[in-house]
Amino acid sequence: MKILFYDTKKYDKESFDKALAEFPDITIDYCEADLSLTTAALSKGYDAVCAFVSSDVSEEVVEKLAACKIKLILMRCAGFNNVDLAATQKYGMTVMRVPGYSPEAVAEHAMMLALAVNRHVHKSYIKVRENNFSLQGLTGINFYGKTAGIVGTGKIGAAMCKICQGFGMKVIAYDMYPNKSLDFVEYTDLETVLKSSDLISLHCPLTKDTYHMISEYTISKMKDNVILVNTSRGALINTEDLIAGIRARKFFGVGLDVYEEETNNVFENREEDFMESSITSRLLSFPNVIVTSHQGFLTEEALLAISQTTLQNAMDFVENDFNEANLVKP
Ligand code: NAD
């Protein structure tokens, strides 16, 4: 099994090289460029490609991969909203992913964002570096005794529910498929979650139904002074509506690990670029917003689990013995 690995970062190579020791039948060539219309042709001579959250796996790209006889797309992530599944089905390609490499890694990042915007850590860090020890503008709220509203209680949402419970919060949630193991969580409808929660954390996937689920209308349903955290996918939130809501002083704080228009940024150093969109700068112009770089997954444990599962997915494909949970079906 020869895999062409797109969008390689140093930490990818380190964790996959480590995991390869257990998979002698697999070889990987690492390519820095991401998968796109231009780079798809590089896959000629390989059995599979390995792609990531910002890879272009659109119909045109899938067509090019099929022309290069690629039969398997290994997504080294949980989300697959960037994959045109109708196209992969049309060309008889298998798509596999890593659904649950470390839900706690992402949930801990979500709580970190909630705490950081709540206690203004981003402001305080800069102030103290400048010998400004004033507490002006740094007042937060206790999470203890408040209500956390979790939207989507799959693997990551469930981990977030447990963290919030640990903080002494009342935990309510919305999911069409309630997670029966979360007996301390009160399930309710989305509107009730929005209007009752002091902290709202989004953990559902991006689908046709969830696109812009946070909009002018749903923001208007939220409590004033709510903290909103999104570690799921940027397009769950209509950013223009979010900005309007922030300007209208609706939010105590907003923590985003993902945001619309992030695709060209993930995970590049763009210090010298003229950005094509001003969304990030506009969001960061508000004192109560923190944006991180789609790094919720970035822990040593998660990276190792991602590489081991991706390589196991490749072997399962060779042996035609799939882990159904990792197969992405249209
Ligand atoms: P999961 O499949 O285990 O859980 C998703 C849950 O969302 C399911 O319980 C599902 O029923 C629910 N859901 C679906 N549509 C919904 C809707 N309209 N309203 C409410 N709930 C809905 O997925 P997961 O592993 O918990 O991951 C969740 C998301 O986190 C992924 O889709 C991915 O986009 C994102 N993610 C982000 C990072 C990061 O680094 N920031 C890393 C991994 C995953």
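These legends go with several close-up views of a predicted model.

**View 1. The ligand and the residues around it.** Start with the neighbourhood: 24 residues surround the ligand. The closest of them are Tyr 101, Lys 155, Ile 156, Asp 175 and Thr 231. Sort the shell by type and you get 11 nonpolar residues, nine polar ones and four charged ones. As for where all this happens, the ligand takes up the space of the largest pocket.

**View 2. Polar side chains reaching the ligand.** Here we zoom in on three side chains and the ligand atoms they face. Asp 175, one of the closest residues, places a polar side-chain atom 2.6 Å from an oxygen atom of the ligand. Arg 233 also faces a ligand oxygen atom, with an N or O atom of its side chain 3.2 Å away. With Asp 257 the partner is a nitrogen atom of the ligand, and a polar atom of the Asp 257 side chain sits 3.0 Å from that nitrogen. Step back to the whole ligand, and the protein covers 87% of the 870 Å² of accessible area that the ligand has on its own.

**View 3. Cys 50 and its cysteine neighbour.** How many disulfides does the structure hold? The count is zero, and Cys 50 fits that picture, being in no disulfide. Its nearest cysteine sulfur belongs to Cys 77 and is 8.5 Å away, while a disulfide needs the two sulfur atoms within 2.5 Å. Cys 50 has a relative accessibility of 1%, so it counts as buried.

**View 4. Cys 204, another cysteine without a disulfide.** Cys 204 is in no disulfide either. The nearest cysteine sulfur is that of Cys 161, 13 Å away. Is Cys 204 buried or exposed? Its relative accessible area is 10%, and buried means under 20%, so Cys 204 is buried.

Notes. Residues are numbered from 1 along each chain as its sequence is written. This is a predicted model: local features need pLDDT of at least 70, side-chain atom pairs count only at pLDDT 80 or more; totals for chains, interfaces and linings use all residues. Side-chain values use heavy atoms; hydrogens and water are left out. A residue is near a molecule or strand if one of its heavy atoms lies within 4 Å of it. A polar contact is a pair of N or O atoms within 3.5 Å; within protein, one must be able to donate a hydrogen and the other to accept it, and residues adjacent in sequence count only if both atoms are side-chain atoms. Accessible areas come from the Shrake-Rupley method with a 1.4 Å probe; for residues, only the protein chains shown count as cover. On a 1 Å grid over the protein atoms alone, a cavity is a set of points where a 1.4 Å probe fits but cannot get out, and a pocket is an open set with protein on both sides within 12 Å along at least five of seven lines; lining residues have an atom within 4 Å of a point. A molecule sits in a cavity or pocket if more than half of its atoms lie within 2 Å of its grid points. Ala, Val, Leu, Ile, Met, Phe, Trp, Tyr, Cys and Pro count as nonpolar, Asp, Glu, Lys and Arg as charged, and the others, Gly among them, as polar. Buried means under 20% relative accessible area, exposed over 50%, partly exposed in between (1.4 Å probe, protein chains only).
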